[in-house]
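Morning, everyone. I have one structure to walk through today. Please have the sequence and the model up as I talk.

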Amino acid sequence: MKLRELELLHNLMTHGSVSDAARTLHMSQPNASKLLKKLEQELGFQLFERINSRLHPTEEARLLFDQVETTLQSVRRFHAMTEEVRDMHRGSLTVGGLPLLSRLWLPDVVGKFMADHPGISVTFHTRSSKKLIEWVGERQLDIAVGMLFADDPMVEKTSLLEMEFVAAIPRDSELVNRGSLTAKDLDGQPFISLSVLDHSRDIIDRCLREAGSQPRERAECSLPSVAIQLAEKGLGITLIDHVTAMEHEPRNIVFRRFLPSIRRDIWLLRPRLRPRSRLSDEFVNLLYSDLETSTFSQPPDSLFV
């Protein structure tokens, strides 16, 4: 049975009149009568008896009524749901971010997105970039923001922003009055390195090696925030990303630009084989637009006072 036929059958049983049912469905009475006759022919049994100018459902029609009503309710719920999905009033999004951006930036973007779409639920995961890539490839995440160490054929990547590395210098260092630091300036200086497990360490070491600079390593830290704390204690100079630097309130250190510039890409990661949703596209657009209006995507001049 077609939807129009179901609607007519339901209205005939409810109103008991062809004219009333036709008016409710915005049909002419002759068309409604013709559709009823066609429906009875297709079903192979009579649906109504006319008694005193009113239609009375047969026993066969009564047997169908509950199912007809249930089916129509399901169809109406389906149409209502498609409208909510179309207008992004319903749905869910699973987002992942590396720890640094999960503390500073991403919660603000997620908050704006949820405020604009009150009916949307968001699941937010904070994981290492390696785990984010794995989960995106397995389609457990709709969107992730992290670093990329190797290409994964199941992950689609787009450069989102760059993190620039800056020098954190103890105030009692002989280099504190420099406007900027070069790799050569670090030769022989006490230095706090990032962990060998941090891929940024490879980039920094290569830069120092190419300049023939050999800092005197005092400590190795797995977290940039710990490296800053050691620099605060005057134990040495460290090179850290500008996002971590912006998060820190310097007391016994100053920040200076480092030359040649060392940068790392932060990537937008999405499953390659999952069809994109309008919801995830909307969130990605918000990520990019928020970067355009914020000072987050590059170190501000105020960092180097």
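Start with V166. It lies in strand 6, residues 155-170. Keep in mind that this is a predicted model. Is V166 buried or exposed? Its relative accessibility is 0%, so V166 counts as buried.

What does V166 touch, once residues up to four places away in sequence are set aside? The list is T238, L239, I240, H242, A245, F255, R256 and F304. C221 is another matter. V166 and C221 are 55 residues apart in sequence, and their C-alpha atoms are 16 Å apart in space.

Now the cores. The largest nonpolar core has 38 residues. Within that core, W105 and F283 have the most contacts. Which helix gives the most to this core? Helix 11 does, with six residues.

Look at W105 for a moment. Ignore its neighbours within four places in sequence. W105 is then in contact with L160, L161, L287, D290, L291 and F296. A separate core has 20 residues. V18, L47, L55 and L72 are among them.

Next, helix 6. Its buried residues are L106, V109, V110 and F113. Why do they line one face of the helix? Looking down the axis of helix 6, the buried residues fall within an arc of 100°, so they line one face. The general rule is worth recalling here: an α-helix has 3.6 residues a turn, so residues three or four places apart point the same way.

What do those buried residues of helix 6 pack against? There are three strands to find on screen: strand 3 (91-97), strand 4 (120-126) and strand 5 (143-146). Then come helix 5 (99-104) and helix 11.

That brings us to the rings. How many aromatic pairs are there? The count comes to one. The partners are F113 and F283, with ring centres 5.3 Å apart and planes at 90°, so this pair is edge-to-face. The pair links distant parts of the chain. F113 sits in helix 6, residues 106-116, and F283 in helix 11, residues 278-293. They are 170 residues apart. Both F113 and F283 are buried.

One last ring. Find W267. Over its ring sits the charged end of K157, 4.7 Å from the ring centre.

To recap: V166 is buried in this model. F283 is one of the residues with the most contacts inside the largest nonpolar core, and F283 also pairs edge-to-face with F113. Over to you for questions.

Note on methods. Residues are numbered from 1 along each chain as its sequence is written. This is a predicted model: local features need pLDDT of at least 70, side-chain atom pairs count only at pLDDT 80 or more; totals for chains, interfaces and linings use all residues. Side-chain values use heavy atoms; hydrogens and water are left out. Rings of Phe, Tyr and Trp (its six-membered ring) pair if their centres lie within 6.5 Å; planes under 30 degrees apart count as stacked, over 60 as edge-to-face and the rest as tilted. Helices (H or I, at least four residues) and strands (E, at least two) are DSSP runs, numbered from the N terminus. Buried means under 20% relative accessible area, exposed over 50%, partly exposed in between (1.4 Å probe, protein chains only). A charge sits over a ring if NZ of Lys or CZ of Arg is within 6 Å of the ring centre and within 35 degrees of the ring normal. Contact means heavy atoms within 4.5 Å. A nonpolar core is a set of buried Ala, Val, Leu, Ile, Met, Phe, Trp, Tyr and Cys residues joined through side-chain atoms within 4.5 Å. The arc is that of the directions from the helix axis to the C-beta atoms.
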